[in-house]
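These are my notebook entries on a structure that I wanted to look through step by step. I wrote down each thing as I looked it up.

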2 protein chains.
Amino acid sequence: MIKNLAPLPDGTVTVSGWVDTVRDQKKVQFVVLRDESGAVQLVNPATREAEDGDAAGQERLALTETISGLAHGSFVTVTGELKHDERVKLGGIEVKIGSLEVVGEALPETPIAADSSLDKRMDWRFLDLRTPKQNLIFRIQTTFEHALREYWIDNDFIEIHTPKLMASASESRAELFEVEYFDTTAYLAQSPQFFKQMAQPAGFGKVFEIGPAFRADPSFTSRHATEFTSVDAEISWIDSHEDVMRLHEELMVAGISAVKAKHGEAIAELFGIELEVPTTPFPRIPLAEAKQIVAARGYEIPRADEDMDPEGERQIAAHVKETLGHDFVFITDYASSIRPFYHRRHDGDATLTNSYDLIYNGVEISTGAQREHRIDVLVEQAKEKGIDPEELGFYLDFFRYGVPSHGGFGMGLARVLMLMLHETSIREVTYLFRGPTRLAP
Amino acid sequence: MIKNLAPLPDGTVTVSGWVDTVRDQKKVQFVVLRDESGAVQLVNPATREAEDGDAAGQERLALTETISGLAHGSFVTVTGELKHDERVKLGGIEVKIGSLEVVGEALPETPIAADSSLDKRMDWRFLDLRTPKQNLIFRIQTTFEHALREYWIDNDFIEIHTPKLMASASESRAELFEVEYFDTTAYLAQSPQFFKQMAQPAGFGKVFEIGPAFRADPSFTSRHATEFTSVDAEISWIDSHEDVMRLHEELMVAGISAVKAKHGEAIAELFGIELEVPTTPFPRIPLAEAKQIVAARGYEIPRADEDMDPEGERQIAAHVKETLGHDFVFITDYASSIRPFYHRRHDGDATLTNSYDLIYNGVEISTGAQREHRIDVLVEQAKEKGIDPEELGFYLDFFRYGVPSHGGFGMGLARVLMLMLHETSIREVTYLFRGPTRLAP
C-alpha cells in the first residue's frame, strides 16, 4: 500500500493504485498514483523518439507513450525505484518508473467531476467513493461500528440476526414494503423491534444487532431513506429507561473515542472538524421542559400533537450547546400519546412514558425506551392505540410465558456519521442510498 | 448474573432469572433459577400454616405459597443469603430466599417440551432458545463473528452495508423475491455480489460485510433458507483465487480459535465435541481430481452437468479426513459451464475458472473466486451464458472506468455453525428460520 512506502529505504518497489493525475511534459512525465491509503508521485524521463536498433530505447519509448495515453482512473501496477527527496511535495518520496502495467483501463471521459450534483454523483457512486473524503467516511464507519461491538462483546452481549422477512408489521401498517412470498405476502422489517424483544423471554439477557431496516417512506428529506442501517440493543433487568440511556451514552463515547484516536487527524484535515469525545452523563431534559425552553427561545412548535419537530430539536440542542457545551442531549419522558403501545408508562402517570430520543448536533439519531412487559397492561395499551391484539399475533405470546423487565434503543447509523462529520445529508455517508426514486446502482 | 455468584463470599445477594424447576417438598422448597450465564439452587424452609398475630410468620407463609404457585419459566428477582456448601450438586452454592418478586409470570402450561418436534419448537422459538445448548449456539456465533471482524479490522478492511433493495437481480432471475416499491418493482438482494465488487473500482481495497441475503428457493432441505446471514469479503490486487483461499482459511482459523478458547469446554460438555482448530494450508483439490477420487470410492455422481452433488461433497470430505485428517477442503477450478459469468477463467483454458467451494465436515459452506475484471472478456462471458449485457446495467459500468484485479467469497453463517456443532439442520442454529412455509414468529 502507498502509505507503507515512506518508511522503506530507497530501492526497487512495486506499487498498485489508480491514476489520479498525469502531467505529461516534454522531457519528463509525472503521474500521481492513489490507493485507499494515500497518494504517491511517479516520475518518468520521457523518451520521445525511438533510437534505431536499441531495444531498451524502444521500451522507453513504449513506456512514455503508455503514460501519455493513461486515462484518469485507470488501475495500474508499477515497479520502479523509490527515492526519498524532501523537495517532492507529496510525502517527500518519488518512484522512478521502471515498468508499468495497465490492469484496468478507464474510459477517457469521467462522467462526474468535483462540482457534479449529489444526484449525479450517486449515479456514479463508485467513482464518487474514490475521493479521500468519501473513503475516510467509510473507514470512520468501520471504526465506529467495531468500537460498539467491542463494547458489547466486553459486556457479554449476544449478537443476533433477526429476520427481515415478516408475516406482519413490526411497527406500523403504514410505510410497509410488501413482498410476494410464494403463495402469501411477507413484509420487510421496519425495525428489529419485536425480535430483539423476543431475546428477552428467550433468556439472552443482552443483545445487539447492526442490520438493515426498511421504511416505505415517500419523503425526500436529507435524513430519511427507504433502507437504512439500524444499530440496535436490548437489555434485560432494567429499572427504567435510565439504564438504557447509560448504556447508550457509554456506547457513543466508545465509538467516538475510537474514531478520534484512529482518524482524528484525518478528520481535521479533510473535514476541518476537531472531533470531541462527549463527557458523560449526557444532559437529560424531559420533553415538557424542553418544549418550555424552546418556547422561551421564541420558537413555537407548529404541531397539533405533543411531539417535537426538527426545528425544535435544533433549538433544544443549541440551548444545550450554549449552556452546557454538550453535543448530545437525551429528551426524555415523551407523552404516551406520541409513543408506540409497547413503551412502558410512568408508574402513577400513564400520560408519560419511560422513553427518550437522543439528539446529536441538533438532529434525532435514536429512540429508546423501557418496554411494557406486563401482558395485561400491554394488551390495554395496544387497544387504546386502536390496535386489535389479534393482529399482534405471536408478539404478545412473548410476554405470556415469563419475561424480564427490559428496554433498548434503535439508532440510525448514517445519521450518526452525518452529524459527526457535519455533512448535510445521509446520502453522503451511505454506501448506496435508497430513496423513493433511487434503486440503482 | 448467576455465574458471578460462586466467587462471592457468603452473605446477602440479589439475583434474577427464570424458574427452571420447583421441588415443593413439605418441609423445604427448592427452586432452580436460570439465567443466560448458568443456574443456581434457591432454598426456602416451607411455612405451611399461619401463626396468628405474627406478621413475619404471615410473610413466610405468603412466600411459601408464592413458591408453590411458581410456574416454570416465570422471571423472578430474589434477594437472599448466599451460602457455599459442597454438598449442593449445582455449583456448590445455594441461596436461602429472603424475598422473591415475580417480575414476569408464566402461564402454567409450557407449549413445548424437550421432545417436541423441530417445527413445534420453531413455533415457540423464544422458549426453545432458553435451553443452555441453544444459548451457547448464539454465544458461539457472537464469538465467531467478532473474531472474523477483528481479523478484518487488523488487516485494514472497510466494513460496508450494501443495499438489499435492488432494481435488478444480483445473481439470477430465478429465486428472486419481488417487492412493491412505490410505482415500480424492486428485488431483494440474493447476495451482495455486485455491490461488494463495486468497492473495488471505488478504491476501497478490501471490504467485508455480514448481512442478510434472500433466495426465493422453494426447497425444504436442512441446508437452505429463504433468508440467511451471508459472510462476505472482497479484496483488490489478487493474482488468482489462491489469494482468496489464503484469506478464507486464515479467517476460519481465527474464528474457530476464538470459539475454542472461549467456549471449548462448554461445547465439549453440551455437544460432546472436542472442537479442533484446523491447520493451514487447508487441502486444495481441483474439481476434476475430486471427482476421480469420489469415483474411485465407488460413488457415481448422478448429475448431467459437471458439478458435484451433496453426496459427492461428503465423499471427498471423508477422503480428506481419512487421508489428511482435515475437516476442511477447498475444491478448486470448477468448470466454466457451472460457474457464473463473472468468475475469471484460466489463462489458456477457458473451460476452467479461478474459483473454489469450501467444504467443512462434508458440506459446502462457501463459494469464492477471482472475478473477471476485463470488461471485454466479461461482456463475452455474459453473452455466452445467455445474458443480455443490457440487463446488467450499472454492473458493467463498474469495469469501464478503471478497476483492479479482485476476488472474494460469500459464506453461509448458519452452515458454519451447523457443521461446527454437528447439528442436523441450519434451523437449529438460526435465531428465527425463514423457509417457504415459515414466516413467523
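Entry 1, charges over rings. In this predicted model, I looked at Arg339(B) and found that its charged end sits over the ring of Tyr334(B), at 3.8 Å from the ring centre. I then looked up the matching place in chain A, where the charged end of Arg339(A) sits over the ring of Tyr334(A), 3.8 Å from its centre.

Entry 2, the two chains. How is chain B superposed on chain A? I noted that a rotation of 180°, with 0.0 Å of shift along its axis, superposes chain B on chain A with an RMSD of 0.1 Å. The two copies are therefore related as by a two-fold rotation axis. I also asked which residue of chain B comes closest to the rotation axis, and the entry I made was Val179(B), whose C-alpha lies 2.2 Å from the axis.

Entry 3, aromatic pairs. Counting ring pairs over all chains, I arrived at 50 aromatic pairs. One of them is formed by Trp152(A) and Phe157(A), whose ring centres are 6.5 Å apart and whose planes stand at 45°, so I wrote the pair down as tilted, since this angle falls between the limits of 30 degrees for stacked and 60 for edge-to-face. Are these two residues buried or exposed? Trp152(A) is buried, with a relative accessible area of 0%, and Phe157(A) is buried as well, with a relative accessible area of 5%.

I went on to the rings of Phe330(B) and Tyr356(B), which have their centres 5.0 Å apart and their planes at 80°, so this pair is edge-to-face. Looking up where the two residues lie, I found Phe330(B) in strand β13 (residues 328-332) of chain B and Tyr356(B) in strand β16 (residues 355-360) of chain B, so the pair ties together parts that are 26 residues apart in sequence. Phe330(B) is buried, at a relative accessible area of 0%, and Tyr356(B) is buried with a relative accessible area of 0%.

Entry 4, strand β13 again. While I was there I looked up Thr332(B), which is found in strand β13 of chain B and is buried, with a relative accessible area of 4%. The side chain of Thr332(B) is joined to that of Asp333(B) by a polar contact of 2.5 Å.

Entry 5, an aromatic cluster. I noted one aromatic cluster whose members include Trp124(A) and Phe126(A) from chain A, together with Phe194(B), Phe341(B), Tyr395(B) and Tyr401(B) from chain B. I followed Phe126(A) further and placed it in helix α3 (residues 125-128) of chain A, where it counts as buried at 1% relative accessibility. Measuring nothing myself, I copied down that Phe126(A) and His84(A) are 42 residues apart in sequence and 33 Å apart in space, C-alpha to C-alpha.

Entry 6, helix α6 of chain B. How many residues does helix α6 of chain B have, and how far apart are its end C-alpha atoms? I wrote down 31 residues (241-271) and an end-to-end distance of only 35 Å, short of the 45 Å that a straight helix would reach at 1.5 Å a residue. I then looked along the helix for a bend, and found that α6(B) bends by about 75° at His263(B).

At the N-terminal end, Ser240(B) caps α6(B), with a side-chain oxygen 3.0 Å from the backbone nitrogen of Glu242(B). Just after α6(B), I noted that Gly272(B) takes a positive phi of about 65°.

Conventions:
Residues numbered from 1 in each chain as written. Chains lettered and ligands numbered in written order. Predicted model: local features only at pLDDT ≥ 70, side-chain atom pairs only at ≥ 80, totals over all residues. Heavy atoms only, no water. Phe/Tyr/Trp six-rings, centres within 6.5 Å; stacked < 30°, edge-to-face > 60°. Buried < 20%, exposed > 50% of the residue type's maximum accessible area, 1.4 Å probe, protein only. Lys NZ or Arg CZ within 6 Å of the ring centre and 35° of its normal. Expected span 1.5 Å × (residues − 1). Bend = angle between axes of the 7 residues up to and from the residue. Polar contact = N/O pair within 3.5 Å; in protein donor to acceptor, adjacent residues only side chain to side chain. Least-squares fit on C-alpha atoms with pLDDT ≥ 70 in both.
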